[in-house]
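Biologist: I should like to understand how the descriptive terms applied to a model are justified. May we go through them one by one, setting each value against its rule?

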Amino acid sequence: MADQNVDPAVTQRWAKVRGMLRSEVGDASYRSWLKPLTLVSVENGKVRISVPTQFMRDWVISHYGDRLRELWVNENPDVDMVDVFVQPPTPKKFVRPVGQARHSGPSGINTSVSVSPKEGVDTNRINAPLDTRFNFKNFIVGKPNELAYAAARRVADSEVAPFNPLFLYGGVGLGKTHLIHAIALHTKKRFPKKKVVYLSAEKFMYHFVRALRYKDTVSFKDQFRSVDLLMIDDVQFINGKESTQEEFFHTFNELVDNQRQVVVSADKPPSDLEGMEERLRSRLGWGLVADIQSTTLDLRLEIIEAKVAKLGVEIPSSVIDFLSHRITSNVRELEGALNRVVAHATLVGRDITLETCQEVLHDILRANDRRVTIEEIQKRVAAHFNIRLADMHSARRARAVARPRQVAMYLSKQLTARSLPEIGRKFGGRDHTTVMHAVKKVEELRQSDTGFAEDVDLLRRLLEG
Amino acid sequence: MSPKILQKNRQFTLKLPRRAAFGKEEFFVSSCNSRAVDWIDRWPKWPLHGLVICGPPGSGKTHLSAVWQARSNAAGFKGNEILQGLEVLLNNESLKSCFVDDADCADQEILFHIFNCVVSRGGQLVVTAVEPPARWAQGLPDLVSRLKTLPVTQIERPNDEMLQVVLMKMFSDRQLTVSLDVLTYIIVRMDRSFDSARYVVETLDVASLSYQRAITIPFVREVFKEWT
C-alpha cells in the first residue's frame, strides 16, 4: 500500500517489518489482514498505522499487536508505541448496500463503534442456523461414509456423550456439514431440553474477536458453560489464529471435562491440521475420529436416484448414468450438478436430455474452453477439404482452393476475436474486404446448400473441441 | 503501447470521471448475453441460491449484476474489498443476499465465509468472474466446490450488432456522437472483443480532444494507421 508523505528511511523500515510479518504468518493471512495496513506517521516514538475497518483493527491488535510492536522496536529502539486506528477508505463509486448506514468518523480519528458490548454475548446470535434438509433421513449411507454416519447417530441418540469429542473429517463436499446438522436436528427433537450450539468457523472467529475487543472473553466463555452439545464446523479455518485457538482450547476442555458433547469437523485428521498447536491437535484426537472417504460409483448412483425421487422429476437413466460416472469429485458437486440440470430445464421449460445436461454443465465437464487460433482453423479446414495448407495463403483462385479458404476465413471470424484486416493478413496478405466477401458468401451458401452447412458446422464443432 | 498521434504536441486533456449508467434500460440484449439477461429477469423465481455470471472484461457482467442487486436489495462488494463485505454482513443479520463483483480477485477464504453466511440466511449470492469457478487456477477447494453448485451463465464474445451498440454506448457516455458509417468503419477494422471496444473508444476520444477534430472516417484512419 502506498504510504504517503513518509520519510524514505521510515518507509524502508516499514517494508522490513511487513516482510518479517509476512514470513511469520504466511501469505494468506498476510493478504487478508496485514496488507491493508497503511503507515501514516512515526513521531515521538509513536508509530501510527491505519486500517480500513473497526473489525480489522480489532483483529490486527489482538493477533499481531505485540509482534508488530516488537518488530518496530527491533528496527528503531525509540519506538515505544504502535497505534492502529480506523481510517475508512475514500468512498468508491461502487454501490453500497441499500439501507446500510455508514458509520465513519472524521478521517484520522479513532471511530467509535455503535454496537453495545453486550451484543456479542447472546447465544442466539452466536448460533448459526440449521438447514432442515440436512437430516439423517436424507443422508445416503454407503461404504465410504458408514462409520461417520454410525458415529453421528450414536452421538445424537445418546443421553450422555459416548465419545468425546466426535471428530469427523473428510475431503470437501462429502457430507460433514450434513452430518453435523443432522446431529443437531435430531438431538433437539429427541432431547428438547438440551442446549445445542452449532458454530460455523466464521461465526466463532467473529464473535470471539468481538469479545476480545471488549475484553469480555469471560462472558464469551460463559455462554458455552450451559451448552450440552457444541458443534464446530470446518475447524481447519481456525488455523494459525493463535488467540482464537487458545480460547477454543479452553472452551473445549471445559466442556469435555463436564461431559458435554463436542463435535468437530475438519478436512483432515487432527494429526494433520497445520498451524494448530500440538496440545490442541492431540486433544482433538482423544475421542472418536471418523473419516468420510471419497464416493464410490454405487454410492453416487444411489445418491442421484434418491435425489431424483425426492425432486419428483422425470430424468432419463442415461443422464443419471452420465452424472454418476462423470461428477466423481464429491457429493456436493454431484447433487449440485443435478440441481443445475433440473433448474435449467424448469427455467426454459424443456425436457432433460443428455445434450442439455452436457450443455448446462459445460464449465464443470470441460477443464477449459479452447481458444482457437487462425492457424488451427487453416490446418483443420485444409485437411478436411484435402488441399495443401499453403493454399490458404496462395494467390490461386481455383474454386477447389478458393471455397475452403473462404470457409476458413468465415470460421476465423466466428471463432476468434481477431480483426478482419488481421484475418486477411494471415490469408496471404488479403484485404479485409476479401474477408467480408468470404463471410457473406459462406453465409449465403449455408442457406442454400444443407450439405455445405452441415460440413461447416461439423468443422466448427471439431475446432471448438 | 499508445499511438504516436497521442504523444505529439496536443492540447492538455483532463481525465474526467465518466458516469456509468447501471439501469436495466441501459442494457442491450443480444444473442451473446440473452441467457444471462434471462436469468436476471426470472429472479425471484430462482431455483438455486445464486448465480455465477462469467464473461470477458467489459462484457457487462457488473452492469447486469447491479440490476439484480437493486431489485433484490442485496449488498454489493468488489472482490478486493470483501473483508469489509463480510463485516457488513455479519453486522447486519437482516441482509440476506449479496453480490460480489470480480470474485476471481477475491480472498477465497473470506468469500467462502460469505457464501456460507448467505446460504445459511436463505439468501442468494451473485458473483461475476472471467472464468467459471470450476476453472479457477488454485481455487480454494472448499469454496470452489460450493460455487460449482450455482448455475453458470456465460456472456459470449460480441457479434457485430453488439459491437455496434457497445461502441455507440461508450461514445455517448463520453458525450460523443459518431455516425453509423464511422462505426461500421471501425468495426471491420478492430479486434472483435469488449475489451478492445473500450480501448478503441478511449483512444479516439483522447485523440479527438487533443487535436480538436471530430471523429470522422479520415480521422479514424489516421489514428488506426499509427497503431499498425
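Modeller: Certainly. This is a predicted model, and we may begin with a charged pair: the side chains of A:R283 and A:D257 meet in a salt bridge, at 3.8 Å from N to O.

Biologist: What makes the contact of A:R283 and A:D257 a salt bridge?

Modeller: The rule asks for a side-chain nitrogen of Lys or Arg within 4 Å of a carboxyl oxygen of Asp or Glu. The N to O distance for A:R283 and A:D257 is 3.8 Å, so the pair meets the rule.

Biologist: Why is this pair said to tie together parts of the chain?

Modeller: A:R283 lies in helix 10 (residues 278-284) of chain A and A:D257 in helix 9 (residues 242-257) of chain A, so the pair joins parts that are 26 residues apart in sequence.

Biologist: Is A:R283 buried or exposed, and is A:D257 buried or exposed?

Modeller: Buried means under 20% relative accessible area, and exposed means over 50%. A:R283 has 10%, so this residue counts as buried. A:D257 has 52%, so this residue counts as exposed.

Biologist: How do the terms apply to A:R388 and A:D391?

Modeller: A:R388 forms a salt bridge with A:D391, their closest N and O atoms being 3.4 Å apart. A:R388 is exposed because its relative accessible area is 52%, whereas A:D391 is buried because its value is 3%.

Biologist: Which salt bridge involves B:R174?

Modeller: The side chains of B:R174 and B:E202 meet in a salt bridge, at 3.9 Å from N to O. This pair links distant parts of the chain: B:R174 is in the loop between helix 6 (160-173) and helix 7 (180-187) of chain B, and B:E202 is in helix 8 (residues 194-211) of chain B, 28 residues apart.

Biologist: Why is B:E202 called partly exposed?

Modeller: Partly exposed covers values between the two limits of 20% and 50%. B:E202 has 30% relative accessibility, so this residue counts as partly exposed. B:R174, with a relative accessible area of 15%, is buried.

Biologist: How many salt bridges does the structure hold over all chains?

Modeller: The structure holds 34 salt bridges over all chains. A:E24, A:R67 and A:E70 are linked in a network of salt bridges.

Biologist: How many salt bridges does the rule find across the interface of chain A and chain B?

Modeller: The rule finds 6 salt bridges across that interface. One salt bridge between the chains joins the side chains of B:D191 and A:R418, at 3.8 Å from N to O. The contact takes 62 residues from chain A and 53 residues from chain B. The two chains bury about 5,000 Å² between them, 55% of it on carbon and sulfur atoms.

Biologist: What is found between the two domains of chain B?

Modeller: Chain B is divided into domain 1 (33-154) and domain 2 (160-225). Their contact takes 5 residues from domain 1 of chain B and 4 residues from domain 2 of chain B. These domains bury about 390 Å² between them, 65% of it on carbon and sulfur atoms. Across their interface the rule finds 0 salt bridges.

Biologist: Let us turn to the aromatic rings. How many aromatic pairs does the structure hold over all chains?

Modeller: There are 6 aromatic pairs over all chains. The ring centres of A:F139 and A:Y149 lie 5.7 Å apart with planes at 10°, so the pair is stacked.

Biologist: Why does a plane angle of 10° make that pair stacked?

Modeller: Rings pair if their centres lie within 6.5 Å, and planes under 30 degrees apart count as stacked. Both values for A:F139 and A:Y149 satisfy these limits, so the term applies. A:F139 is buried at 8% relative accessibility, and A:Y149 is buried at 17%.

Biologist: How do you know that B:W46 and B:W68 are stacked?

Modeller: Their ring centres are 5.8 Å apart and their planes stand at 5°, so the pair is stacked. B:W46 and B:W68 are both buried. B:W39, B:W43, B:W46 and B:W68 form one aromatic cluster.

Biologist: What makes A:R48 a charge over the ring of A:F85?

Modeller: A:R48 lies over the face of A:F85, at 4.3 Å from the ring centre. The distance limit is 6 Å, so the value falls within it.

Conventions: Residues are numbered from 1 along each chain as its sequence is written. Chains are lettered from A and ligands numbered from 1 in the order in which they are written. This is a predicted model: local features need pLDDT of at least 70, side-chain atom pairs count only at pLDDT 80 or more; totals for chains, interfaces and linings use all residues. Side-chain values use heavy atoms; hydrogens and water are left out. Rings of Phe, Tyr and Trp (its six-membered ring) pair if their centres lie within 6.5 Å; planes under 30 degrees apart count as stacked, over 60 as edge-to-face and the rest as tilted. Buried means under 20% relative accessible area, exposed over 50%, partly exposed in between (1.4 Å probe, protein chains only). A charge sits over a ring if NZ of Lys or CZ of Arg is within 6 Å of the ring centre and within 35 degrees of the ring normal. Domain bounds come from an automatic or database domain assignment. Contact means heavy atoms within 4.5 Å. Buried area is the accessible area (1.4 Å probe) that two parts lose on being put together, summed over both. Helices (H or I, at least four residues) and strands (E, at least two) are DSSP runs, numbered from the N terminus.
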